[in-house]
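Subject: Structure for your attention

Dear colleague,

I am handing over the structure below, and after it you will find my notes on what came out of going through it. Please read them with the structure open beside you.

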Amino acid sequence: MVAISEPQVELFFPKPCKQNSKNNPLFMPTIPIIDLSKPDLKHLLVKACQEFGFFKVINHGVPIKCINKLESEAIKFFNSPLSAKQKAGPPDPFGYGNKSIGQNGDMGWVEYLLLNPKLESHYKNPTISILEDKPEKFKYTVDDYVTSVKKMTCAILELLADELNLPQNVFSNMLRDEQSDSVFRVNYYPPCPLFQEHEMKGKKLIGFGEHTDPQIISVLRSNNTSGLEILLKDGNWMSVPPDTNSFFVNVGDSLQVMTNGRFKSVKHRVVANSLKSRLSMIYFGGPPLCQKIAPLHLLMKRDEASLYKEFTWYEYKKSAFNSRLSDNRLCRFEKNRNVLIKVPSLKVELETSN
Ligand SMILES: C=C1C[C@]23C[C@@]1(O)CC[C@H]2[C@@]12CC[C@H](O)[C@@](C)(C(=O)O1)[C@H]2[C@@H]3C(=O)O
Ligand SMILES: O=C(O)CCC(=O)C(=O)O
Ligand SMILES: [Fe+2]
């Protein structure tokens, strides 16, 4: 008899839905859809970043051939023997990872590849050598995909900047910079043999725990398996229906800061919710390490207070990579944060010094 071992990842009971949302379809928000082939989309883009920090992109211009090619190469990798995959791990920070996410004890029902999207860097990546027959092929497949997705991402950032009356390249230049600290990630969520058993008990299995992305912007494409959820303003989690023909974009912490909180870095997570595997490919557009991140003066209204201290991306990244997945990473960089100290029968409000 073969014993299937219990996955050592977090199981959680879903919280009951709050009113006004899942229980009433009239109040159910829909994910904004941005059609990149249409004129006059800038206003919708800004609205999506303000209200959701998340949107779906259609008519994106990324060739389907290049998406499918990378997806099939990635599947080939994740279907190879564990011992072979482990040759490309553990991630330091790039490479193959299995269940363990980051360096601080987070776990998920996920395998992944973290890659440095800088073109020449793949030569040094051990992942390449385990895609034995034609290692060069994998490198070019990743390069083609990242080049094309980055182009679309920069176009989106330029439309956003335009609508905010900022210099058009203010955000996109940070990604185009040779020193841009972007990351490319492929996540593979294997089917969970114990899924149905847990579901019957009302439990869900965490694929990738709730978090915000620290960079400027993240662009995700997945296969046809659901699992991605975003946290809505009303505190309810909303499942994002997969769409293989679209990309899903979310605002990162750095863009929230540069827009002084106008754009929201959305909390999201992945739940293992199917007997099918999920494969997602995510480009995280990050600035150079030395880039100063602070609310942009050009955006601030007269008398508008800056909500965040200035920091470099290096400082933020260092702090983020020392945090747990679900931590609020931005609060250390907020200005005038009010700290509530609760003393029995007395509430004292203190203001932190900056
Ligand atoms: C637990 C962690 C994993 C993470 C680094 C961190 O300490 C906190 C942020 C995490 C995250 C989320 C978005 C991306 O997937 C990621 C690569 C990133 O830049 O920040 C991961 C980090 C990771 O997996 O190493
Ligand atoms: O795999 C997914 O669908 C999302 C994962 C994610 O949010 C991340 O890797 O930061
Ligand atoms: Fe994420």
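How many bridges join β9 to β12, and do these strands run parallel or antiparallel? Three bridges join β9 to β12, and the two strands run antiparallel; within this pair, Glu229 has Arg269 of β12 as its bridge partner. Please keep in mind throughout that this is a predicted model.

The central sheet topic first. β9 and β12 belong to an open sheet of five strands, in the order β1-β7-β12-β9-β10, with antiparallel pairing. The edges are taken by β1 (11–12) and β10 (237–239), each of which has a single partner strand, so that one side of each is left without a neighbour in the sheet. Strand β9, covering residues 228–231, is joined to β10 by three bridges, again in the antiparallel sense, and Leu231 has Trp237 of β10 as its bridge partner. On the other side of β12, strand β7 (residues 204–211) is joined to β12 by four antiparallel bridges, and here His211 stands opposite His268 of β12. As a general point, the strands of a sheet pair through backbone hydrogen bonds, either parallel or antiparallel.

β12 itself deserves a closer look. Five of its five residues are buried, so β12 is largely enclosed by the rest of the structure. His268, Val270 and Ala272 point one way from the strand, while Arg269 and Val271 point the other way, and all of them are buried.

The strand β12 also leads to the second ligand. The shell around ligand 2 draws at least two residues from each of β6 (183–189), β8 (217–222), β12 (268–272) and β13 (278–285). His268 and Val270 are among the residues around ligand 2, together with Arg185, Asn187, Phe208, Asp213, Leu220, Ser222, Leu228, Ser280 and Ile282. By class, five residues of this shell are nonpolar, four are polar and two are charged.

Ligand 1 has 15 residues around it, of which the closest are Gly102, Asp106, Asp213, Phe321 and Leu325. The shell around ligand 1 divides into seven nonpolar, four polar and four charged residues. Asp213 is thus listed for ligand 1 and also appears in the shell around ligand 2.

Two of the residues closest to ligand 1, Gly102 and Asp106, bring us to a hairpin. Strand β4 (residues 95–101) and strand β5 (residues 106–115) pair in the antiparallel sense over six bridges, and Asp106 in β5 is the bridge partner of Ile101. Four residues lie between the strands of this hairpin, and Gly102 takes a positive phi near 70°.

Some backbone features may be worth checking by eye. In general, most residues other than glycine have a negative phi, and most peptide bonds are trans. Gly89 and Pro90 are joined by a cis peptide bond with omega about -10°, and Asp92 and Pro93 are joined by another cis peptide bond, with omega about -5°. Pro90 is found in the loop between α3 (82–86) and β4, and Pro93 lies in that loop between α3 and β4 as well.

Positive phi values also occur in residues that are not glycine. Asp40, in the loop between β2 (33–35) and α1 (42–51), has a phi near 60°, and it counts as exposed because 6 other C-beta atoms lie within 10 Å. Asn59, in the loop between β3 (54–58) and α2 (64–78), has a positive phi of about 50°, and it is likewise exposed, with 11 other C-beta atoms within 10 Å.

Another exposed position is Lys301, which lies in the loop between β14 (292–293) and β15 (311–312) and counts as exposed because it has 7 C-beta neighbours inside 10 Å. The C-alpha atoms of Lys301 and Val146 are separated by 36 Å, the two residues being 155 apart along the chain.

Finally, some totals for the chain. The chain has nine helices and 17 strands, and 36% of its 354 residues count as buried. Among contacts between residues at least 6 apart in sequence, 70% join residues at least 24 apart.

With best regards

Technical notes. Residues are numbered from 1 along each chain as its sequence is written. Chains are lettered from A and ligands numbered from 1 in the order in which they are written. This is a predicted model: local features need pLDDT of at least 70, side-chain atom pairs count only at pLDDT 80 or more; totals for chains, interfaces and linings use all residues. A residue is near a molecule or strand if its C-beta atom, placed from the backbone, lies within 6 Å of it. Ala, Val, Leu, Ile, Met, Phe, Trp, Tyr, Cys and Pro count as nonpolar, Asp, Glu, Lys and Arg as charged, and the others, Gly among them, as polar. Two strands pair if DSSP finds at least two bridges between them. A residue is buried if 20 or more other C-beta atoms lie within 10 Å of its own, exposed if 12 or fewer, and partly exposed in between; C-beta atoms are placed from the backbone. Two residues are in contact if their C-beta atoms, placed from the backbone, lie within 7 Å.
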